[in-house]
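Biologist: Could you walk me through this one while I have it open? I'll ask as I go.

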Amino acid sequence: MIVAMQDSASEEQIQNVVEHLIRMGFSVHRTTGERQTVLAAVGARIDFDTRNLEVLSGVEHVHRISAPYKLAGRSFRPDGTVIEFANGLKIGGEEVVVMAGPCSVESREQLFNVSEQIAKAGARVLRGGAFKPRSSPYSFQGMGLEGLKLLREAGEKFNMLVISEVMEISQIEMMLPYVDLFQVGARNMQNFNLLRELGKVKKPVLLKRGIAATLEELLLSAEYIMAGGNYQVILCERGIRTFETYTRNTLDISAIPIIHKLSHLPMTSDPSHGTGLRDKVPPMARASVAAGADALLIEVHHDPDKALSDGAQSLYPQQFAQLMHELRMIAPAVGRKIA
Ligand code: PEP
Ligand code: MN
C-alpha cells in the first residue's frame, strides 16, 4: 500500500501515520521528497481498510497495491483452474461449455421436452431451478425436491450434468444426490453463511455476480467458498443494475476479460438474465464467447409464453439450436471449441 502525504503534512503527522501502519502489521519504507513524503507499506496482511488511513490528518491519498483476496487471485494459480467432472467434461479448458434449460422446473412434461431438444443441440449441462428466488412472494416458488428428482432423471436420460440453485444452507444436503454443480444466485452472492457452508462441499459451485456487486466483491465472495477448502468455483456474469431500462439488466461483457486477468477461476456468461429479452440473448451469447467466456448459461423453454418464470428471456428450442450452430463457428476464431 502506498500512502502519499499532503505537501503541507507536518513531521508529527507523518510519524503518526508511520506508527499507525506499524501497528497494522506493516513495515514502512519512507521516501522524503522535496515537497511530498510517500510511505510504502509492505506486509502479508490483506484484510485492512484503507479508509482508516485516509481519515488521518495530513494524508493526501492511499493506494492499495495487493488484492484483498488471495485464493481467488490469478497469482494463486497462474495457469488457470480447470474443473473436471466424472464424465470427462471440463470447465475452464479449451472447450466452452453450454449449460441450458428452463428457468424453473415446472413439470415432467416441460422438463423432458426441453431437455431432449437442448441435448440434441449440444447442451452439456442441464439447468433448472427447483428453489426459485422470486422478487415477489406471490410468484411461483419452484417445485422443490420433486423438481430436483426430475432434473436428475432428465440429466441421466439425455446425458447432461445438472446444475440448480441453492438458496439456503438447509437445502445443501438435500440437493447433493441430485446436482453436479450448485448455483448461487445473484441475490445470494453475499450470503456469507451459505458461501461458507458451500466451502465444505465437494462439488463445484457456480457463483453469480450480485445485481450491484463490483468484481472485487464477486472475487471476495468466491474467496469465502475457497477459504473453506472448496476450490471448485466458477464465476458468472449475469448482468448488473444500471440506469438503462431497455434491458432487464446490463450484461457487463467486460467482466469476462477482467475476471480472467484478476483470477484463475473459470468465467461464465448468462445472457438470459443479463438482457431479459429473448431476441437479445443470441447476440450477447455470441459476444460472450468472442470475449472469452468459459461457459454459457442460457434459458430455454419449449413454450415460453406459458412459462411460470422468465418466459420473455427464454429461447425457443430451435433458436437455441441455431445459436449453438453459430457458436461453433465463433469459438474457433478465438482459439476455442464448443464442448
Ligand atoms: C436463475 O438462474 O434462474 C436466476 C434466478 O438467476 P439470477 O440469480 O442471476 O437472477
Ligand atoms: Mn431465470
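Biologist: What span should helix 4 have, and does that agree or disagree with its end C-alpha atoms?
Modeller: Helix 4 (residues 145-157) has 13 residues, so at 1.5 Å a residue, counted as 1.5 Å times one less than the number of residues, it should span 18 Å, and its end C-alpha atoms are 18 Å apart, which agrees. Helices here are DSSP runs of H or I with at least four residues and strands are E runs of at least two, numbered from the N terminus. This is a predicted model, in which local features need pLDDT of at least 70, side-chain atom pairs count only at pLDDT 80 or more, and totals for chains, interfaces and linings use all residues. Side-chain values use heavy atoms, without hydrogens and water, residues are numbered from 1 along each chain as its sequence is written, and chains are lettered from A and ligands numbered from 1 in the order written.

Biologist: Which residues of helix 4 are buried?
Modeller: Among them are Leu148, Leu151 and Ala154, where buried means under 20% relative accessible area, exposed over 50% and partly exposed in between (1.4 Å probe, protein chains only). Their cover includes helix 3 (108-121) and strand 9 (161-165).

Biologist: Switching topic, what coordinates the manganese ion (ligand 2)?
Modeller: Cys103 (SG), His273 (NE2), Glu299 (OE) and Asp310 (OD) do, at 2.1 to 2.4 Å; donors are N, O and S atoms within 2.8 Å of the metal (3.2 Å for Na, K and Ca), and water is not among the atoms, so sites may look incomplete.

Biologist: Is Cys103 buried or exposed?
Modeller: Cys103 is buried, at 3% relative accessibility.

Key. Contact = heavy atoms within 4.5 Å.
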